[in-house]
Amino acid sequence: MKKMIKTYDDLLAEKERLKRQLDLDKKMIVVQWEGLKSELAPLKSAYGFVQKLTKSDKSNPLLNAGLGIASDLLLRRFIFARAGWLIKLAAPLLAKNYSSHFLAEQGSSFLGKLKRIFSKKDDRHNFSSSTKKNAEEDFNSESEEHSRNGQTIG
């Protein structure tokens, strides 16, 4: 307060000035808060990653049980078979926790990709009738060529 309030008009003017100052201070707090959030974003990301390593996702207990067994068998008994006890203890646990979060977040797309991979393999072995006819025709034409050249095929 720079000058003394002597009249009612001075009081109203000071009240208006203080309201403007309050609005300006609120806007500055919002701007500073957003700046602080953007500065702390890498720390938040690192904290999220560490949390994914230390805590497993609890949304699918069946998935967690399977990941526990798979990480125990694969990592502890095969990959880290000759490692020290600390690595044998920590690495499967961290891998299980992180993979549980990964599969919980991207499980449907990941399982869809696996399904497509395995279905492509099945499609190669399960010929449709038109594919079988084409394969038989190709085999017959190749066998005719080989028989003309004096070669035999098995």
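Helices are runs of at least four residues assigned H or I by DSSP, and they are numbered from the N terminus. In these terms the protein chain, which is presented here as a predicted model, follows the pattern α-α-α-α-α when read along the sequence, and its secondary structure comes to 5 helices and 0 strands. Of the 154 residues of the chain, 9% count as buried. The chain exposes about 13,300 Å², and carbon and sulfur atoms supply 61% of that area. When contacts between residues at least 6 apart in sequence are considered, 54% of them join residues that are at least 24 apart.

Helix 3 covers residues 61-79. With 19 residues at 1.5 Å a residue, helix 3 should span 27 Å, and because its end C-alpha atoms lie 25 Å apart, the expected and the computed lengths agree. The buried residues of this helix are Asn64, Leu67, Ser71 and Leu75. Helix 3 also holds a salt bridge, in which the side chains of Arg76 and Asp72 meet at 2.9 Å from N to O. These two residues are 4 apart in the sequence, which corresponds to about one turn of the helix. Salt bridges that share partners join Asp72, Arg76 and Arg77 into one network. As for its exposure, Arg76 has a relative accessible area of 30% and is therefore classed as partly exposed.

A search of the whole structure finds 5 salt bridges, and two further examples are described here. In helix 1, which comprises residues 8-39, Lys37 and Glu34 are 3 residues apart and are thus separated by about one helical turn; their side chains meet in a salt bridge with an N to O distance of 3.7 Å. Lys37 is partly exposed, with a relative accessible area of 44%, and Glu34 is likewise partly exposed, at 43%.

The other example is the salt bridge between the side chains of Lys52 and Glu105, which meet at 3.0 Å from N to O. This pair links distant parts of the chain, since Lys52 belongs to helix 2 and Glu105 to helix 4 (residues 85-125), with their positions 53 residues apart in the sequence. Lys52 has a relative accessibility of 25% and counts as partly exposed, whereas Glu105, at 51%, counts as exposed. The boundary that applies to Glu105 is the one at 50%, because a residue is called exposed only when its relative accessible area is over that value.

A charged residue without such a partner is found in the loop between helix 2 (41-54) and helix 3 (61-79), where Asp57 is located. Asp57 is buried yet has no salt bridge, and the nearest side chain of opposite charge, that of Lys58, is 9.0 Å away. A salt bridge requires a side-chain nitrogen of Lys or Arg within 4 Å of a carboxyl oxygen of Asp or Glu, so a separation of 9.0 Å does not qualify. The side chain of Asp57 does, however, make a polar contact with the side chain of Ser59, at 2.4 Å. Leaving aside its neighbours within four places in sequence, Asp57 is in contact with Asn64, Ser100, His101 and Ala104. One of these partners, Asn64, is among the buried residues of helix 3.

Notes
Residues numbered from 1 in each chain as written. Predicted model: local features only at pLDDT ≥ 70, side-chain atom pairs only at ≥ 80, totals over all residues. Heavy atoms only, no water. Buried < 20%, exposed > 50% of the residue type's maximum accessible area, 1.4 Å probe, protein only. Lys, Arg positive; Asp, Glu negative; His and termini not counted. Polar contact = N/O pair within 3.5 Å; in protein donor to acceptor, adjacent residues only side chain to side chain. Contact = heavy atoms within 4.5 Å. Areas by Shrake-Rupley, 256 points an atom, 1.4 Å probe, with all protein chains shown as cover. Expected span 1.5 Å × (residues − 1).
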